[in-house]
Amino acid sequence: MLPPKRPDLAGSQPVSHHWFRARCCSWTRLLDYYRAVMAKSDQELPDGFLQLKTQVAGHTFEESNAEAVGLLQDSKAGCVLKPLGKPECGERELRFYESLAEAGASGDNDLLALLRGHVPRFYGPLKLVVNRRERTFLRLEDLTRSYAKPCVMDVKMGKRTWDPESSPNKRKLEEAKYVMCKQKLGLCLPGFQVYLPKEEHTQETTILRHGKDYGKSLNVEGFKQTMALFFNASTSDSKSRRAGCELLLKEVLRQLQEILAWFQRQRLLHFYASSLLICYDYSRLADPPKSQSLINGYHQNEDDPASWVRVKMIDFAHVYPAEHGLPDENYMFGLQSLIEVVQLILHR
């Protein structure tokens, strides 16, 4: 964009302040555009990989910090790539996924093999050069790959979000986060995105996104209202959309109750600072098609709500052996609270 033509100063008329204002605005816009282009080019990604647009929480790319790396997407392979965190945390999460894969292959541990159905599929680690530095990523299933309008929410589980090896300072910092919801519900809301119908044109949609600052501001009632908003429970004005919302809530409940049933049986592991990722396709609320050819070439029964509603456990950098063989009451407290909130929305 070129700045506006400068007026002729040879005459007796003084230069108008409007000209300076217009010129400054033009150069400001040009500078903003230049910075945006430079920031985008600063993220040096391998060919075929993109930043994951549906990431709603966790570490993200930052314009001013080349070391900050978020989730990547390999759309051809249908994978999300999660960078390993701090060495001890990253290795712990990698070992967790590898132990699930081994349990599934050997059949030696039924409980771990069952857990595989509640986490994204794991396709192994991968080294990539991002921002001129080699990094290790976990290749995970892209849960929203086939979704036309993906709605995604990250819910962190448990009153206690610090692990047994945390320092006193770390424990203090964690206890100060999300105080209102965490202590009463055992739940935190780091972020979400949802498609909502526009007020004047309900056939059109808009996207609402909120991050951790919004989640930290919520009290218990605000959390419940946000959950209803995320499930489009208060925007389902048409008969078909109301039916779709009811189907969505029932399927979310079914999957949550399956995860709870697993926790009630297991005495192997305790999960700290772990989350549930709730995903659904907004486009399926109103007029679900009967069948659809998926990207990877096979057909799936699209009447099954599990094809467009998914609840998966994620974030396993702080998973430890169960202390004294006890159940994970901390995680289950949050999970039971979440089930109660969804039931309340369904039956109100």
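In strand 2, Leu 72 is the bridge partner of Gln 51. This pairing, found in a predicted model, offers a point of entry to the first of two sheets considered here. Strand 2 covers residues 72-74, and 2 bridges join it to strand 1 in an antiparallel arrangement. Both strands belong to an open sheet of 5 strands, whose order is 1-2-3-5-4 and whose pairing is antiparallel. The edges of this sheet are occupied by strand 1 (50-51) and strand 4 (122-130); each has a single partner strand, so one side of each is left without a neighbour in the sheet.

A further open sheet is also built from 5 strands, in the order 8-7-6-10-13, and its pairing is antiparallel. Here strand 8 (205-210) and strand 13 stand at the edges, and because each has a single partner strand, one side of each lacks a neighbour in the sheet. From one strand to the next, the twist averages 15°. Within this sheet, strand 7 (residues 187-197) pairs with strand 8 in the antiparallel sense over 6 bridges. One residue pair can be located in the structure: Gln 193 has Arg 209 in strand 8 as its bridge partner.

Helix 7 packs on this sheet, where it touches strand 6 (150-157), strand 7, strand 8 and strand 10 (275-281). The direction of helix 7 makes about 35° with that of strand 7. Helix 9 lies across strand 6, strand 7, strand 10 and strand 13, and it runs at about 30° to strand 10.

How are the two helices placed with respect to each other? Helix 7 (residues 220-230) and helix 9 (residues 329-347) pack at an angle of about 60°, and their axes are 10 Å apart. The two helices are therefore oblique to each other. The crossing in which helix 7 passes helix 9 is right-handed. On the side of helix 7, the residues in contact are Phe 223, Lys 224, Met 227 and Ala 228; they meet Leu 338, Val 341, Leu 344 and Ile 345 in helix 9. By class, the residues of this contact divide into 7 nonpolar, no polar and 1 charged.

The aromatic rings give another view of the model. A search of the whole structure finds 17 aromatic pairs. Among them is the pair of Tyr 97 and Phe 316, whose ring centres are 5.5 Å apart and whose planes stand at 75°, so the pair is edge-to-face. This pair links distant parts of the chain, for its residues are 219 residues apart. Tyr 97 is in helix 2 (residues 87-106), whereas Phe 316 is in the loop between strand 13 (309-314) and strand 14 (319-321).

Conventions
Residues are numbered from 1 along each chain as its sequence is written. This is a predicted model: local features need pLDDT of at least 70, side-chain atom pairs count only at pLDDT 80 or more; totals for chains, interfaces and linings use all residues. Side-chain values use heavy atoms; hydrogens and water are left out. Axes are lines fitted to C-alpha atoms, for helices over the stretch in contact, and angles run from 0 to 180 degrees between N-to-C directions. Helices (H or I, at least four residues) and strands (E, at least two) are DSSP runs, numbered from the N terminus. Angles under 35 degrees count as roughly parallel, over 145 as roughly antiparallel, 65 to 115 as roughly perpendicular and the rest as oblique. A crossing is left-handed if the near helix is turned anticlockwise from the far one by less than a right angle, and right-handed if clockwise. Contact means heavy atoms within 4.5 Å. Ala, Val, Leu, Ile, Met, Phe, Trp, Tyr, Cys and Pro count as nonpolar, Asp, Glu, Lys and Arg as charged, and the others, Gly among them, as polar. Two strands pair if DSSP finds at least two bridges between them. Rings of Phe, Tyr and Trp (its six-membered ring) pair if their centres lie within 6.5 Å; planes under 30 degrees apart count as stacked, over 60 as edge-to-face and the rest as tilted.
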